[in-house]
Amino acid sequence: MDAKLSGRRGGENAPAADGDEGVGRSACAAEGRASVNRLSDHEADEIARAFVTARRQARPLCDFPGRLPATLEDAYRVQDRAIALDGRRVVGWKVAMIRPDLRAGLGADRLCGPIFEGTVHDCRAGGRADVAVHADGFAALEAEFVAGFGRDLPLRPDGATATDILPALAFLAAGAEVASSPLPTLNAIGPLAVVCDQGNNAGAVIGPVLPACAGQPDAALTSEMLIDGVSVGRGSAASVPGGPIAALVFLTRALAARGRHLVAGDVVLTGMTTGIHAVTPGSRGRIAFLGGLGCDIAVTAIAPRLS
């Protein structure tokens, strides 16, 4: 591994991530989750099918397609069903923070979603990432640290520890999440909706591998996002509470609860560091880590796909 982070806790004022947007129906559902009926298998299937179809056809959704889940458990049932319906191979995962005032009700401080084959843009050797977003849906770029795994992490009931994870990492790189959904209000509805729709993910950009940085404070590992030549956000590894390693520990535990685990070749977006930066087709982004390591990102519109 070219860079290691200790997992030290970040500052209390770290920016929020995808699931942090809005309270909406998700907060109401969380508060009353004990008294709200779980989604039936049919309901979970219909929600998943609506999102998968809208993504495949590259058409927008006007509203959440069904009854909003009241718990993360039900939301992940929808996500698992959507993974099965989509049919593409999962080649990684995104992790995002849940807004602080919703964490107790939902029983988690983070959420996760799949990254599908064909949506990872590898610019470790240079070049530009040409990414696609839903033109009439939600679309944003987020500067994130990207972890790549060189070997499998065995499936364990309680997930993995930092001690387990560090030797399995092949690299830590500068990167970006392509956050996009056919539902424009997905983030505003809240984290339960975000989980249902692929974690609001439409791809990952892997930029330059970061040099060895063991022992450096998380705040020294800086990041910046520029949109159309203008700096729109600055941050660091400290923007993610606990740093990238804490995000990876969470992910292993969340996946283990669903009978899943990380394998060699997986890439993980560990959480936004500079904010959620809205884009549209035609936008141009650039990530810059450690003052200069980065790559350019060109945003286009998602086209319908046949499978």
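In this predicted model, helices H2 (41–57) and H3 (residues 72–86) pack at an angle of about 50°, their axes lying 8 Å apart. Helices here are DSSP runs of H or I with at least four residues, strands are E runs of at least two, and both are numbered from the N terminus. Axes are lines fitted to C-alpha atoms, for helices over the stretch in contact, and the angles run from 0 to 180 degrees between N-to-C directions. H2 and H3 are therefore oblique to each other; angles under 35 degrees count as roughly parallel, over 145 as roughly antiparallel, 65 to 115 as roughly perpendicular, and the rest as oblique. Their crossing is right-handed, that is, the near helix is turned clockwise from the far one by less than a right angle, whereas an anticlockwise turn would be left-handed. From H2, the contact (heavy atoms within 4.5 Å) draws on Asp41, Ala44, Asp45, Ile47, Ala48, Arg49, Val52 and Arg56. H3 contributes Arg77, Val78, Arg81, Ala82, Leu85 and Asp86.

A word on conventions: residues are numbered from 1 along each chain as its sequence is written, and side-chain values use heavy atoms, with hydrogens and water left out. As the model is predicted, local features need pLDDT of at least 70 and side-chain atom pairs count only at pLDDT 80 or more, while totals for chains, interfaces and linings use all residues.

H3 itself has 15 residues, and its end C-alpha atoms are 20 Å apart, which agrees with the 21 Å that it should span at 1.5 Å a residue. The expected span is 1.5 Å times one less than the number of residues. Its buried residues include Leu72, Tyr76, Val78, Ala82 and Ile83, where buried means under 20% relative accessible area, exposed over 50%, and partly exposed in between (1.4 Å probe, protein chains only). Among the elements covering the buried residues of H3 are H2, strand E1 (90–97), helix H4 (100–106) and helix H8 (243–256). Just after H3 comes glycine 87, with a positive phi near 90°.

H8 is mostly covered, with 12 of its 14 residues buried. Among them are Gly243, Pro244, Ile245, Phe250 and Ala256. From first C-alpha to last, H8 reaches 21 Å, close to the expected 20 Å.

Elsewhere, valine 267 belongs to strand E10 (residues 267–272) and is buried, at 6% relative accessible area. Its C-alpha atom is separated by 6.7 Å from that of valine 146, although the two residues are 121 apart along the chain. Leaving aside residues up to four places away in sequence, valine 267 touches Val91, Gly92, Trp93, Ile115, Val120, Val146, Ala147, Gly148, Phe171 and Ile206.

The loop between H7 and strand E7 (201–209) holds glutamine 198, and asparagine 200 is found in the loop between H7 and E7 too. Glutamine 198 has a positive phi of about 65° although it is not a glycine, and asparagine 200 likewise has a positive phi of about 65°. Glutamine 198 counts as buried at 10% relative accessibility, and asparagine 200 is buried at 0%.

Over the whole protein chain, there are 8 helices and 13 strands, and 55% of the 307 residues are buried. Of the contacts with a separation of 6 or more, 80% link residues 24 or more positions apart.
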